[in-house]
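Dear colleague,

I am passing on the structure we talked about, together with some notes on the empty space inside and on one part of the surface. Please read the notes with the structure open beside you.

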Amino acid sequence: MPSLKPVINRADLRRDVLASLVVFLVALPLCVGVAVASGVPAELGLVTGIVGGLVVGFLPGSRFQVSGPAAGLTVLVYEAVHEFGLGALGALVLAAGLIQLALGALRLGRFFRAITVAVVQGMLAGIGLVLVVGQLYTLAGAEQPRSGIDKLTELPGLVRDTAASGTALAAAAIGAATIALLVLWQRLPARVRLVPAPLAAVTLVTAVTAATGVSVDRVEVQGLLPAIQPPGTGDLAGLGSLAALGTVLAFALIASAESLFSAAAVDRMHDGPRTDYDKELMAQGVGNTVCGALGALPMTAVIVRSSANIQAGARTKLSRVLHGLWLVLFAALLPAAIGVIPLAALAGVLIHAGAKLIPVKDLVPLWRAHRGEAAILVVTALAIVGTNMFEGVLLGIALAVIKSAWETSHVHLDVHERTDGRLIVALTGSATFLRLPRMLETLEALPQDRPVELDLTGLRHLDHACRTTLESWARQRGATVPRVTPATMAAAAAPDRS
């Protein structure tokens, strides 16, 4: 009888424990920072991080991907809390989790891989822009305007007010110092960089702030249990409004897309098993359902935590489970340690994270090689800033579909004369409504005193709009149009083997 091997050997266990500590150190300041930026108690960010480790960490899907509250949903959560109230947040997240479960059960996770990279980059760039601009207000101790446009237009007033206030200048200096540490940390020796940059920056700035006695706003922490507020009957009933349903769909679709985009990136970082997209989508659905039941923030898979997990040498999913355990112990045993962190320091961490989402270096090469893709990226990003994330992403996807349809819709009109004087207009390629203006210009330019016959047998595709328009033109002109069916078009497109 063959011997049974342990599920995890000692070497893997050691690597997973060390990796879990690294992920915990990265996740802690980000969980708190995302919660504060979302306009909710800091504890709710920790709850979502704990669920991401202790619940989603056990589930199948992606072995190394780590879930928690993400900066990408900060703007949407902030808007939802202001519109519906903190009590309704749990109901919105719960409903979004159930939608994710349904999408995964229907095996729709794989289709998220079909979204063009330009829309993904535009989404991240838009998120980054709104996050950076919004956190400038937190960095100066001011309240954020609600819309992205207002955040931009009120920046001059923010600078003027900050310059006139000693307290605001002190907070801005703390945030600027945090950003500087995050940038410079990557240039230090490798041994020093074993400590994650967000943790190091927040710790150092917090220590200096405490030592100098500077009076600035700090994170308010009351403990995990008092912060957990499951949604009530009234909150669940409020999901029937059109605005609430739109927010739920936005949560579900954006969280799903961000998680599965992250999975694709994580799969390129390691040689282990690939992600099962449908199972990962269901795992995220379970996580968000639990988070919603606890009244916490929505979760996604987070590329920052996931890459830290892989770079730290994780071998199994145990590392992401343990990181959730460390979050529980820290939040339960040392809540006062979180309460000394200046809000400006967390704003600096999020500004740095938001800036990294903006693909500045990739934009010029993309414009030179694929101007259409670059335009989609920019329009998607600006639409997110001007409207909201959901509408911006939908606009980007619509533009990508139109661009693809335009590029694949090529139709050629060849006019030749028969011996009997009849003009034959032969159409080849794919005739869609996008090419109707050019087609009609050619047809209307034909001599009015000559009989015309349309030859459509060379078309690979003829949509309903083109068929209807061509038949209408032919009736008015007295031209003949042969009957073309999908079978005849397929036969025309088949190669001649004679």
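What volume does the largest cavity have? In this model, which is predicted, the largest cavity has a volume of about 70 Å³, and the count of cavities of 30 Å³ or more comes to four.

The lining of the largest cavity is made up of Ala-37, Thr-74, Val-75, Tyr-78, Val-130, Leu-131, Gly-134, Gln-135, Gln-144 and Lys-151. Two elements each give two or more residues to this lining, namely helix H3, which covers residues 74-84, and helix H5, which covers residues 117-139. Of these, H5 provides the largest share, with four residues. When the lining residues are sorted by character, five are nonpolar, four are polar and one is charged.

On the surface, Leu-54, Leu-325, Leu-329, Leu-333 and Leu-334 together make a nonpolar patch of about 430 Å². The largest share of this patch, three residues, comes from helix H15, which spans residues 318-333, and Leu-333 is a patch member that lies in that helix.

Is Leu-333 buried or exposed? Leu-333 counts as exposed, because its relative accessibility is 66%, and the cut-off for exposed is over 50%.

With the structure in front of you, you may like to begin with the lining of the largest cavity, where H5 gives four residues, and then turn to the nonpolar patch, where H15 gives three.

Best wishes

Terms used. Residues numbered from 1 in each chain as written. Predicted model: local features only at pLDDT ≥ 70, side-chain atom pairs only at ≥ 80, totals over all residues. Heavy atoms only, no water. 1 Å grid on protein atoms, 1.4 Å probe; cavity = no way out; pocket = protein on both sides within 12 Å on 5 of 7 lines; lining within 4 Å. Points joined across faces, edges and corners; volume = space filled by probe spheres on them. Nonpolar A, V, L, I, M, F, W, Y, C, P; charged D, E, K, R; others polar. Patch = residues over 30% accessible without salt bridge, like charges linked within 9 Å, V, L, I, M, F, W, Y side chains within 5 Å. Areas by Shrake-Rupley, 256 points an atom, 1.4 Å probe, with all protein chains shown as cover. Salt bridge = Lys/Arg side-chain N within 4 Å of Asp/Glu carboxyl O. Buried < 20%, exposed > 50% of the residue type's maximum accessible area, 1.4 Å probe, protein only.
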